[in-house]
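Colleague: I'm new to this one, so please take me slowly through the largest pocket and the helices around it.

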Amino acid sequence: MTNEEITKYVFIDDENPTANIALVFGTWNAQKSAVEKAVEIFKRGLVPKIIFSGGLNENSGMVESESMANEAIKSGIASEDIYIENRSTNTLENVLFSLALIDKELGLENVNAITAIMKNYHSRRVLMTLKKHVPNHIILKAAPYKSPQYDFDRNNWMESELGKEKVSEEVSKIEKYLIKGDLAEL
């Protein structure tokens with residue numbers, strides 16, 4: 001694949017992230033950016049609820065989802081508009097555990113769209129994981145952010161060694177997890 005093809009494949013961003021709920025994927029190195037993106041789309045009225053997903057981070061000793069939820073509350077989001085999934089340790093678990101919580105709280109049959117919030121280079125794999133596991137009637141959207149630790153985007157990832165490394169890792173993970181059956185192609 002050319003760099004242009006890789007860019008189109010890996011980096012997905014919906015111009016209109018309106019949905020029933022935003023699902024924020026856990027992160028140890030970009031929590032501020034993830035929370036800012038969630039708060040932004042919530043305050044714009046594009047989502048009425050947010051679920052923060054992410055379990056105990058062994059490096060920091062904090063539970064990612066709880067830490068992000070606390071920051072969102074400090075930013076003015078009411079706690080009743082937030083759900084916390086605090087057991088997941090990877091993308092597949094983020095999806096599976098969050099979907100179970102969404103089903104319990106809202107009923108998946110009542111959800112028409114989910115907006116995923118994740119690092120920009122992680123968007124395709126997140127959406128592919130969701131597609132494999134959500135009911136067919138649910139529309140999936142992406143609202144990615146740029147991580148300060150991985151300071152690249154769709155326009156310049158190929159200009160840095162870190163950008164090339166992280167994007168290449170994503171392509172490899174997509175291939176691996178497609179074969180394993182954890183993902184569905186978009």
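Modeller: Here comes the pocket, followed by the way its helices pack. Keep in mind that this is a predicted model: local features need pLDDT of at least 70, side-chain atom pairs count only at pLDDT 80 or more, and totals for chains, interfaces and linings use all residues. Residues are numbered from 1 along each chain as its sequence is written, and side-chain values use heavy atoms, with hydrogens and water left out.

So, the pocket itself. It holds about 770 Å³ of space. (A pocket here is an open set of points on a 1 Å grid over the protein atoms alone, where a 1.4 Å probe fits, with protein on both sides within 12 Å along at least five of seven lines; lining residues have an atom within 4 Å of a point. The volume is the space filled by probe spheres set on the points, which are joined across faces, edges and corners.) There are 34 lining residues, and G26, T89, N90, T91 and H122 lie nearest the centre.

What is that lining like? By class, you get ten nonpolar, 14 polar and ten charged residues. (Ala, Val, Leu, Ile, Met, Phe, Trp, Tyr, Cys and Pro count as nonpolar, Asp, Glu, Lys and Arg as charged, and the others, Gly among them, as polar.) Three helices, α4 (91-105), α5 (123-133) and α6 (161-180), each give at least two residues to the lining, with α6 providing the largest share, six residues. (Helices are DSSP runs, H or I, of at least four residues, numbered from the N terminus.)

Now look at how those helices sit together. The axes of α4 and α5 are 10 Å apart, at an angle of about 45°. (Axes are lines fitted to C-alpha atoms over the stretch in contact, and angles run from 0 to 180 degrees between N-to-C directions.) That angle makes the pair oblique, since under 35 degrees is roughly parallel, over 145 roughly antiparallel, 65 to 115 roughly perpendicular and the rest oblique. Their crossing is right-handed; that means the near helix is turned clockwise from the far one by less than a right angle, while anticlockwise would be left-handed. T91, the one you met by the pocket centre, joins L92, V95, L96 and L99 in touching R125, V126, T129, L130 and H133 of α5. (Contact means heavy atoms within 4.5 Å.) This contact has six nonpolar, three polar and one charged residue.

On to α5 and α6: their axes are 9 Å apart, at about 15°, so the two are roughly parallel. This time the crossing is left-handed. R124, R125 and M128 of α5 meet E170, K173, I174, Y177 and L178 of α6, giving four nonpolar, no polar and four charged residues. Notice R125, which takes part in the contacts with α4 and with α6.
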